[in-house]
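Take a look at the model below. We will go through a pair of helices and then a sheet.

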Amino acid sequence: MEPGLLVGLRSCPRVIGPVFHVLDDGHRRFLPKESDELLPAKGFQLAFGDLRPDNSRDSKEPEERREGLLRGAPFEYEMRWRKGGQYRWYLVQYNPLKDERDQLTRWYATATDIDDRKRTEEKLRQREREARELLDLSPIHIGELGPGETPRRVYNNQAALDYFGITLEEWRTADLNMLTHPEDAECALRDLPGKFRNGSPFEAEVRLRRRDGQYRWFHFRLNPMLDQQGHITRWYAAGTDIDDRKRAEQRLQYENVALREEIDRFSMFEEIVGSGEPMRQVLKQVAKVAPSDSTVLVLGETGTGKELIARALHRRSNRATRAFVRVNCAAIPQSLIASELFGHEKGAFTGALQRRVGRFESADGGTLFLDEIGDLPMETQIALLRVLQEREFERVGSNQPLSVDVRLIAATNRDLPAAVAAGTFRQDLFYRLNVVPIVVPPLRERAEDIPLLVEYLVGRYAKAAGKNIRHIGRQTLQQLTAYDWPGNIRELQNVVERAVILSETDTFFVDESWLRRESAESRQSREGLSALADREVEMIEAALADCHGRISGSSGAAAKLGIPRQTLESKIRRLGINKHGLKRQSS
């Protein structure tokens, strides 16, 4: 042993000394006496006192030591030794001594007291456990990620795990598409690596998939943790549920879009004009029905102002502050009507480059007005029936049901019972729509309102044209009142606008040639149709009389006339026949 090394070892309170040396026969043998060569017994006791390994607690220590000694290379391990009746942690380090032939001759071992460090580490681990238990109580989603562009998932608090319905280990290895909305997962894979590489705090909004399959919006703030050299060691993320706020923002956006569409679209009237008895009855019915959420079916000829009635129902309802969304079912191609009503997902069909919100979603919380409902294709009628029954639908290209709170108002100028009888309109949908029917009278039946309408329209179009029309000729009013207006208010609107534009004085005048009269041929044709209808009534009344009011069955009037029962019932309603009194109702 070199004297300098011996002096150094004697001054080191943590040196055990030569544990053993290698004999010529290759066996290793402990040599306690050699301890006296290196350190006197007093120094040995001074350094360690009564040291005994805690084999009951550290059963792996002998195995670790044997494996290390067999390798013949430096090694270390931690163990607890009893000193003065107490156990303390030591770091034991073994170093081999070899001769010039690279043969192992003996081992030297040192033991460093690391008990204070171990206790500090245990306190830190305890504090970390307490901190994580505290985080588990938070409703906010709190997670920990490792460093790098694609950081590994380290920790997620219990609130987040309960939301996903999985364990921590499952969360660490779960596919991103199983945790987030597919669209958000695609964006995350594209954008997040750059943000992690940048190393600055950032925020993100993402839809997380709940354990029941529903998606909710979350707002995440991510902050890096740096070491003393400024390197990122981990990322911390905190996510807050903002789904209610997000839905409110989307609903407001949808309502704004719908409002802009309505502003851009030229409205025929700002309000309903009319004081005659037919319109007073209609408005009285509107006032009664508006406060409820019942479905309303507005019936009437083309141009009678069915949309105005629908708007009046909306304005007087509890949904007046929400969106009023209008859809003209006849103006949309049949192949696109489902997408227009219910929306579609990205890639649902050729040309669907992004997800589109349908009119039902835009009207959520408000009113949806389906004009020309009789032109809906049969497959869309089935989907509409489901919305009315279950208050939910699916976007085109999706199987995820969406719930909506929409009041539906439908309108048509068609004879829906006849369409039902002809098989072009579903009978169950008709009954769902026909909860509260409102019939808008044609303009020829409210002739007393024509002067008021003319005055309103003249003022409106004169203001738009920058003209000052002060008088309306009496003869002109008589002409307008006597005309039967087959196009109803829409035709009256066109005539008044044309007269205002062409007017050269302050007196409103209408050229009589503008009011087309029914030709003799068309009148004869109409009279012939009227006579045919009268003959049809007589035949039905006679059949009902013979069958004593019975409609169905082999002895019923439908079988006698050779037509389906539904068709006969539709004709009875349409023609105003009383099947019990057997007398036609007066119109």
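This is a predicted model. Begin with two helices, α18 (residues 450–465) and α20 (residues 488–502). Their axes come within 9 Å and cross at roughly 45°. That angle makes α18 oblique to α20, because only angles under 35 degrees count as roughly parallel and 65 to 115 as roughly perpendicular. The crossing of α18 over α20 is right-handed.

Which residues make the contact between α18 and α20? From α18 come Leu-453, Val-454, Leu-457, Val-458, Tyr-461, Ala-462 and Ala-465. They meet Leu-492, Gln-493, Val-496, Glu-497 and Val-500 of α20. By class, the contact holds 10 nonpolar residues, 1 polar and 1 charged.

Now turn to the sheet. It is open and has 5 strands, in the order β8-β7-β11-β10-β9, with antiparallel pairing. Which strands stand at the edges? They are β8 (153–156) and β9. Each has a single partner strand, so one side of each is left without a neighbour in the sheet. Neighbouring strands are turned by 25° against each other on average, with direction ignored. Strands of a sheet pair through backbone hydrogen bonds, in either a parallel or an antiparallel sense.

Follow the sheet inward from the β9 edge. Strand β9 (residues 202–209) runs antiparallel to strand β10 (residues 215–226), and 8 bridges join them. One bridge pairs Leu-208 with Arg-216 in β10. The hairpin of β9 and β10 has 5 residues between the strands. In this hairpin, Gly-213 takes a positive phi near 95°.

The next step leads from β10 to strand β11 (residues 232–241). This pairing is again antiparallel, over 9 bridges. Two positions help to fix the register. Phe-220 stands opposite Gly-239 in β11, and Met-225 stands opposite Arg-234 in β11. The hairpin of β10 and β11 also has 5 residues between the strands. Here Gly-230 takes a positive phi, near 85°.

One helix remains. Where does α9 (residues 182–198) lie? Helix α9 lies across β7 (141–145), β9, β10 and β11. It runs at about 155° to β9. With angles over 145 degrees counted as roughly antiparallel, α9 is roughly antiparallel to β9.

Conventions: Residues are numbered from 1 along each chain as its sequence is written. This is a predicted model: local features need pLDDT of at least 70, side-chain atom pairs count only at pLDDT 80 or more; totals for chains, interfaces and linings use all residues. Side-chain values use heavy atoms; hydrogens and water are left out. Two strands pair if DSSP finds at least two bridges between them. Helices (H or I, at least four residues) and strands (E, at least two) are DSSP runs, numbered from the N terminus. Axes are lines fitted to C-alpha atoms, for helices over the stretch in contact, and angles run from 0 to 180 degrees between N-to-C directions. A crossing is left-handed if the near helix is turned anticlockwise from the far one by less than a right angle, and right-handed if clockwise. Contact means heavy atoms within 4.5 Å. Ala, Val, Leu, Ile, Met, Phe, Trp, Tyr, Cys and Pro count as nonpolar, Asp, Glu, Lys and Arg as charged, and the others, Gly among them, as polar.
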